[in-house]
Amino acid sequence: MSAIEFTLASFSISVAAGLLGSMLGIGGGIIVVPALTQLLGVDMKYAVAASFIGVIATSNGAAASYVRQHLTNLRLAMVLEVATVAGALGGAYLGGIVSDRFLLVLFGCILGYAAFAMFIDRLRSKVQSPEQEDRLAGRLRLHGQYFDQSLNEHVNYRVIRVWFGLAVSMTAGIISGLLGVGGGILKVPAMHLGMRVPIKVSTATSNFMMGVTAAASAAVYFSRGQIVPLIAAPVGAGVLLGAVTGSRMLPKVKNAYVKMGFVAVLIAVAIRMFYKGLV
């Protein structure tokens, strides 16, 4: 494959990754990394490093739009990001030690878990259990509201289980540092399922946090010389274009469709990565 063909292919894949990543709050790394390694033959660590550039582009392209639309819970993002950045620095350090095969299997397991958790929540979505009051969430003023265009009404929500969110965010940071993903594959289910944050607010808040998380990890990969401009440039440009488009579509999409899209993408990528890691 020539350099021009590689650039066009990676740019096209990255546009799709940015579109889905911004709408689902997952950054696009779960699409970019498998595509670069398995379709274009890029080494895993260079693909992970390029993915960080794409994740930063997704965050920059989508986060501003979501903040203007009042979908992002800024206070919640700042609280969880403290734990995520700490985990990301540790994950990026470990990324230079563990093998590619281990990363692939770990990636598949994490995605499989996230898909299962979201699918179970969809089955029980009509059964609403009484919400618990979280004093820490109240003191930090994490509760919020937003206007849902698909429902044409304001939605109020109360955040619970802040400590659970912090623990999962640190784990998401480690995974992000290891695999070059935004960490949204864990943070979105954690916020939506564990902390009872609406799915659109979860994805928007995840998009806001991803840029900071990815920047922390990207600095480590950059210091090791693993960010290659020929790979990272088309990925960053493509993801940015897709992210801006996706951020304009999310407010108009029904919550159920966002969940279905999240589960479908996770299952497909999890099977592929798990298979490649074992064979």
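Here is a walk through the structure, from its overall layout down to a few individual residues.

Keep in mind from the start that this is a predicted model. The mean pLDDT of the protein is 78, and 89% of its residues reach 70 or more. Confidence varies from element to element: helix α5 (residues 100-123) has the lowest mean pLDDT, at 71, while strand β2 has the highest, at 87.

Now the layout. The protein has eleven helices and two strands, and reading along the sequence gives the pattern α-α-α-α-α-α-β-β-α-α-α-α-α. Of its 279 residues, 53% count as buried. About 12,200 Å² is exposed, and carbon and sulfur atoms supply 66% of that. If you take the contacts between residues at least 6 apart in sequence, 83% of them join residues at least 24 apart.

Let's stop at the strands. Strand β1 covers residues 144-148, and strand β2 covers residues 153-157. How do β1 and β2 pair? They run in the antiparallel sense, with five bridges between them. To see this in the model, look for Y146, whose bridge partner in β2 is V155, and then for D148, which is matched with E153 of β2. The hairpin has four residues between the strands, and one residue to check there is N152, which takes a positive phi near 60 degrees. While you are looking at the strands, a general point may help: in a regular strand the side chains alternate between the two faces of the sheet.

D148 is worth a second look. Its side chain meets that of K200 in a salt bridge, with 3.1 Å from N to O. D148 lies in β1 and K200 in helix α9 (residues 199-223), so the pair ties together parts that are 52 residues apart in sequence. Are these two residues buried or exposed? Both D148 and K200 are buried. The count for the model comes to one salt bridge.

Stay with α9 and move along to S202, which lies in that helix. S202 has a relative accessible area of 0%, so it counts as buried. What does S202 touch, leaving aside its neighbours within four places in sequence? The contacts are V188, M191, H192 and V197. Three of those names come up again in helix α8 (residues 184-194), where V188, M191 and H192 are among the buried residues. In fact α8 is mostly covered, with eleven of its eleven residues buried. After α8 comes R196, which has a positive phi near 60 degrees.

Next, go back towards the N terminus, to helix α3, where A63 is found. A63 has a relative accessible area of 7%, which means it is buried. Beyond its neighbours within four places in sequence, A63 is in contact with T58, T72, N207 and F208. A63 also makes a good example of sequence distance against distance in space: A63 and T203 are 140 residues apart in sequence, yet their C-alpha atoms are 10.0 Å apart.

T72 from that contact list has its own story. Where does T72 sit? Its place is in the loop between α3 (44-68) and α4 (74-95). Even so, T72 counts as buried, at 11% relative accessibility, since the cut-off is under 20%. Its contacts, again leaving out neighbours within four places in sequence, are A63, Y66, V67, A204, T205 and F208. F208 therefore appears in the contact lists of both T72 and A63, given that a contact means heavy atoms within 4.5 Å.

Finally, turn to helix α10, which covers residues 229-249. Its 21 residues, at 1.5 Å a residue, should span 30 Å, and its end C-alpha atoms are 30 Å apart, so expectation and model agree. Which residues of α10 are buried? They are I231, A232, P234, V235, G236, G238, V239, G242, A243, G246 and S247.

Note on methods: Residues numbered from 1 in each chain as written. Predicted model: local features only at pLDDT ≥ 70, side-chain atom pairs only at ≥ 80, totals over all residues. Heavy atoms only, no water. Salt bridge = Lys/Arg side-chain N within 4 Å of Asp/Glu carboxyl O. Buried < 20%, exposed > 50% of the residue type's maximum accessible area, 1.4 Å probe, protein only. Pairing = 2+ DSSP bridges. Expected span 1.5 Å × (residues − 1). pLDDT = per-residue confidence, 0-100. Areas by Shrake-Rupley, 256 points an atom, 1.4 Å probe, with all protein chains shown as cover.
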